[in-house]
Amino acid sequence: MSVRKRVAILISGRGSNMRALIDAARAPDYPGEIVLVISSSPDAEGISVAKAAGVATAVVDQVRFRRENRDREAYDAELHHILTAANVEFVCLAGFMRILSPGFVRKWEGRIVNIHPSLLPAFKGLKPQAQALAAGVATSGCSVHYVVAELDAGPVVAQAEVPVLAGDTEESLTARILAAEHKLYPLALKKALS
Ligand code: GRF
């Protein structure tokens, strides 16, 4: 009998971290199996990447929810319903551009992680790479952390450092951090599941 945990990944866009997780979880000794990808947008590039990798996908369209005047709790209830219907045991946020409601976070606390492109607790919130450049730090990086109700504030699972180089732009630093994210996330998920 398999002891691999059933993992879902929540995305909103490109899905390059999602792809790194799907690739890593192909190893037979990886402690998780990616069983589902849920996107907040029907246009997310990551959906076709997941499909091509043979992973089931679902869309919970945030634009449709907004148009139908259904609130954040209704959106998160739909997410929870899809996750539980698929017997998901652990959730990875990977570029999921929504803040989850406290009720949803409580249901998944200890079983949901996010990746953030800074060395938390530094540079929470939006545009952390630009924040790092503005602060003039010599080192930045990325963090995988448990999701709690407060944004980017949960316990850190693992971090990777990258140098900030003279002449870096937001784009060059973002690319250097993203390359580190793709290595870190599979290792951090393995750690969280083991
Ligand atoms: C990554 O930089 C991640 O840290 C942040 O959003 C970006 C998502 O990129 N939360 P991708 O969709 O995984 O390519």
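Me: Let's take a disulfide to be a pair of cysteine sulfur atoms within 2.5 Å. How many disulfides does the structure hold?

Reply: This is a predicted model, where local features need pLDDT of at least 70, side-chain atom pairs count only at pLDDT 80 or more, and totals for chains, interfaces and linings use all residues. Residues are numbered from 1 along each chain as its sequence is written, while side-chain values use heavy atoms and leave out hydrogens and water. As for disulfides, the number in the structure is 0.

Me: How far is the sulfur of Cys 142 from the closest cysteine sulfur?

Reply: Cys 142 is buried at 0% relative accessibility, where buried means under 20% relative accessible area, exposed over 50%, and partly exposed in between (1.4 Å probe, protein chains only). Cys 92 is buried too, also at 0%. The closest cysteine sulfur to that of Cys 142 belongs to Cys 92, and they can't bond because the separation is 14 Å.

Me: Which helix gives the largest share of the largest nonpolar core?

Reply: A nonpolar core here is a set of buried Ala, Val, Leu, Ile, Met, Phe, Trp, Tyr and Cys residues joined through side-chain atoms within 4.5 Å. The largest one has 37 residues, and among those touching the most other members are Ile 9, Cys 92 and Tyr 185. Helices (H or I, at least four residues) and strands (E, at least two) are DSSP runs numbered from the N terminus, and the biggest contribution, 9 residues from 170-193, comes from helix H7.

Me: Ile 9 sounds busy; which residues of the 92-94 stretch is it in contact with?

Reply: Contact means heavy atoms within 4.5 Å. Leaving aside neighbours within four places in sequence, Ile 9 has contacts that include Met 18, Leu 21 and Ile 34. In the stretch you asked about, its partners are Cys 92 and Ala 94.

Me: What arc do the buried residues of helix H2 cover around the axis?

Reply: In H2 (residues 45-52), Gly 46, Ile 47 and Ala 50 are buried. The arc is that of the directions from the helix axis to the C-beta atoms. Those three sit on the same side of H2, because their arc is only 105°.

Me: And which residues are exposed on the other side of H2?

Reply: The buried residues of H2 pack against strand E1 (5-11), helix H1 (16-24), strand E2 (32-39) and strand E3 (56-59). On the other side, the exposed residues are Glu 45, Lys 51 and Ala 52.

Me: Which residue has a side chain in a 2.6 Å polar contact with that of Asp 168?

Reply: Asp 168 lies in the loop between strand E7 (156-163) and H7, and is buried at 15% relative accessible area. A polar contact is a pair of N or O atoms within 3.5 Å; within protein, one must be able to donate a hydrogen and the other to accept it, and residues adjacent in sequence count only if both atoms are side-chain atoms. The side chain of Asp 168 makes one of 2.7 Å with that of Ser 172. Its 2.6 Å partner is Arg 176.

Me: Which residue puts a polar side-chain atom 2.7 Å from an oxygen atom of the ligand?

Reply: Residues around the ligand, with a heavy atom within 4 Å of it, include Gly 15, Ser 16 and Ile 115. A polar side-chain atom of Arg 14 is 2.6 Å from a ligand oxygen, and a backbone N or O atom of Asn 17 is 2.9 Å from one. The residue at 2.7 Å is Glu 181.
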